[in-house]
Amino acid sequence: MIAARARRTVFVLVLFAGLAVASLGVGLLAGSVPLSFSDVARVLTGRGTSAISEIVLTIRLPRLLAAFACGGLLALAGTLLQVLLRNPLADPYVLGISGGAGLGLLTATSLGLGYAPSQLAGLIGALAAVLTVFGLSFRAGDWNLYRLLLTGVVFSAGCGALISLTLLLAPQAAVKGMLFWLIGDLSGAGNPGWALAVMLVLGIVSIMGAGALNVLSLGRDKAATLGVSVVAAEIVIYLAASAATVTSVALAGTVGFVGLIVPHLIRLLGITDLRWLIPTAILGGGALLSFADTAARSVWAPLQLPVGVLTALLGVPVVLLLLARRR
Amino acid sequence: MTLTAESLVVGFPGRRLAPPLSFKIEAGQCWAVLGNNGSGKTTLMHVLAALRRPLGGEVGLDGAPISTIRPAARARRVGLLLQEEALEFWGTVLDYVCLGRYPHRRSLFGWEPDDERLAREQLERMDIGALAQRSLSTLSGGERQRARLALLLTQDPAFYLLDEPLQHLDLRHQLLAAQCFVDLARQRSRGVAMVLHDPRLARSFCDHALLLYGPDDALAGPAATVLTASNLERLYGVPVPL
């Protein structure tokens, strides 16, 4: 019986690894200029024509990897925050990072600053949100997760109001770009190398700490009796989730849905042990966002949609089906 | 091996729940902790397990102050059954019970096949072996209580601190669980302290007792001298037939 369960777990992990590879493959082939498998294979082995090489290596591959990194980071952050806050509705943005980043970036854009300064303002806003929410809720000797959650939710609401105001006051021409950022969009994503590195490091740290995370899901007191240094662990989880979210937001804006739903999707497939759930979630989030971004730039090509619309359109039916099927 | 309370004051800032307590739980002993609601039994258990700092005095584990022992090392030697536990665990009963091996893990990532065998044995011992693959959230109150006891048995500490271990259990399983912990003390030299509300169970299973009478009075010692009809009547305010 236990062997069957272990097989199922490994099967789901392998399935998600396969989906991740498939999402990258499809992403290289599909687009406004459809390429054949042999074209792409030639480029990847260094024998392609220069035009196709340009499309594959300079345009599609960086954007695909950016999508994969964003999706993986968001799924990781969502998983960590659901454990930390003991709340199944927690997502990467629940503690105000999207609000802070959005406010910074949109204010800079509406003031007429260029692309790079606006991105920087968004990053500063995100970091300011992390520090503000943590600073307001942390008391030495009394670290209270309800206070953290409520502080984050209230801070987000405040940012949301100011973002709406900024959208109303901003020049018409800038509003569409702002909406793309708010929905989540990868067309402006730069070099994804550092985001992949962040994903790799945070993923390894999280998987190594997954045993403690499992114990922490029993509650703080029980975890303490089993030898977990609860407050230290919680602060590390909070910072890791924040780092993942900030990285993803800096790359693609506030892509919704992935961070909330990928962990639940994997739990619905029967994996609850975080030692398996975390790597599966990273692969699943990366695959989902890669597929969604490929669709976003191919389905109505040459028109490009914000990827955030597609993550929900692809993910919602899958999760609803799984929910309906379960018992 | 000993777990000692030295002039231990338990309570909340500004509110002492019991007089300074001094007693010594030794390997092989089984203690009953009795007192009315709100008399500090749970707070004392939390202090003994180092979940909470005392207002004064100190808990000693084999002579060393418990606050100086690293969390994982402490968890291998002192286990606490909480009276209440969060219920959000997503996994199966077996997954849950295996977490008791966390303080014994030898690798960063996980536990060994031996650990799962041990967990299954403890489930059998608590008579819920058949529920191993069920989701924890589908268990009844009594079954869940036995799963929690099984987790503690899987943790296998030297000292078992049990806050109302028999709550929610039917009569047969109350006797089974109480006997299991007494056997651990007598046959495997564990130290046991359990919060109970039934003085007759305390008299039949425990060899030592601690009675908490409120902020100014407490009694600790061998069951034969402490658990007398007059002491218990004074504790509960009603006659206690023994």
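Long-range contacts run through chain B of this predicted model: 67% of its contacts with a separation of 6 or more are between residues 24 or more positions apart. In chain A, 76% of the contacts between residues at least 6 apart in sequence join residues at least 24 apart. The two chains are built from different parts lists: chain A has 14 helices and 0 strands, while chain B comes to 9 helices and 12 strands. They also touch, with 25 residues of chain B in contact with 21 residues of chain A.

**Overall build of chain B**

- Chain B has a radius of gyration of 18 Å, which agrees with the value near 18 Å for a compact globule of 242 residues.
- Along the principal axes, its C-alpha trace spans about 50 × 40 × 35 Å.
- Buried residues account for 45% of the 242 residues in chain B.

**The sheet in chain B**

- Six strands make an open sheet, and you can trace them in the order β8-β9-β10-β5-β11-β12 of chain B, with mixed pairing.
- At the edges sit β8 and β12 (218–222) of chain B, each of which pairs on one side only.
- Ignoring direction, neighbouring strands of this sheet are turned by 10° against each other on average.
- Starting from the β8 edge, β8(B) runs parallel to β9 (residues 159–162) of chain B, and 4 bridges join the two.
- One pair to look for there is B:Val78 with its bridge partner in β9(B), B:Phe159.
- At the β12 edge, β11 (residues 208–212) of chain B and β12(B) run antiparallel, joined by 5 bridges.
- Here B:Leu212 has B:Ala218 of β12(B) as its bridge partner.
- Packed on the sheet is helix α1 (residues 41–48) of chain B, which touches β5 (30–35), β8, β9, β10 (191–195) and β11 of chain B.
- The direction of α1(B) makes about 140° with that of β5(B).

**A closer look at β8(B)**

- In a regular strand, side chains alternate between the two faces of the sheet.
- On β8(B), B:Val78 and B:Leu80 point one way, and B:Gly79 and B:Leu81 point the other way.
- Both sets are on the inside of things, as all four of these residues are buried.

**Where the chains meet**

- On the side of chain B that touches chain A, α2 (71–77) and β8 (78–81) of chain B each supply at least two residues.
- The largest share of that side comes from α2(B), with 4 residues.
- By residue type, the side of chain B that touches chain A splits into 15 nonpolar, 5 polar and 5 charged.
- So β8(B) turns up twice in this story: it is an edge strand of the sheet, and it supplies at least two residues of the side that touches chain A.**Two loop residues in chain B with positive phi**

- B:Asp127 isn't a glycine, yet its phi is positive at about 65°.
- You'll find B:Asp127 in the loop between α4 (113–125) and α5 (141–155) of chain B.
- B:Asp127 counts as partly exposed because it has 15 C-beta neighbours inside 10 Å.
- B:His168 is another residue other than glycine with a positive phi, near 70°.
- The loop between β9 and α6 (171–188) of chain B holds B:His168.
- B:His168 has 15 C-beta neighbours inside 10 Å, so it counts as partly exposed.

**Chain A**

- Read along the sequence, chain A is α after α, following the pattern α-α-α-α-α-α-α-α-α-α-α-α-α-α.
- Its radius of gyration is 20 Å, which agrees with the value near 20 Å for a compact globule of 327 residues.
- The C-alpha atoms of chain A fill a box of roughly 65 × 60 × 35 Å along the principal axes.
- Of the 327 residues of chain A, 50% count as buried.
- Helix α13 (residues 274–298) of chain A has 25 residues and reaches 35 Å from first C-alpha to last, close to the 36 Å expected at 1.5 Å a residue.
- α13(A) is mostly covered, with 22 of its 25 residues buried.
- A:Ser164 lies in helix α6 (residues 145–169) of chain A.
- A:Ser164 counts as exposed because it has 11 C-beta neighbours inside 10 Å.
- A separation of 33 Å lies between the C-alpha atoms of A:Ser164 and A:Ile59, which are 105 residues apart along the chain.

How values were computed
Residues numbered from 1 in each chain as written. Chains lettered and ligands numbered in written order. Predicted model: local features only at pLDDT ≥ 70, side-chain atom pairs only at ≥ 80, totals over all residues. Contact = placed C-beta atoms within 7 Å. Nonpolar A, V, L, I, M, F, W, Y, C, P; charged D, E, K, R; others polar. Buried ≥ 20, exposed ≤ 12 C-beta atoms within 10 Å, placed from the backbone. Pairing = 2+ DSSP bridges. Expected span 1.5 Å × (residues − 1). Rg over C-alpha atoms; globule rule 2.2 N^0.38 Å. Axes fitted to C-alpha atoms, helices over the stretch in contact; angles between N-to-C directions.
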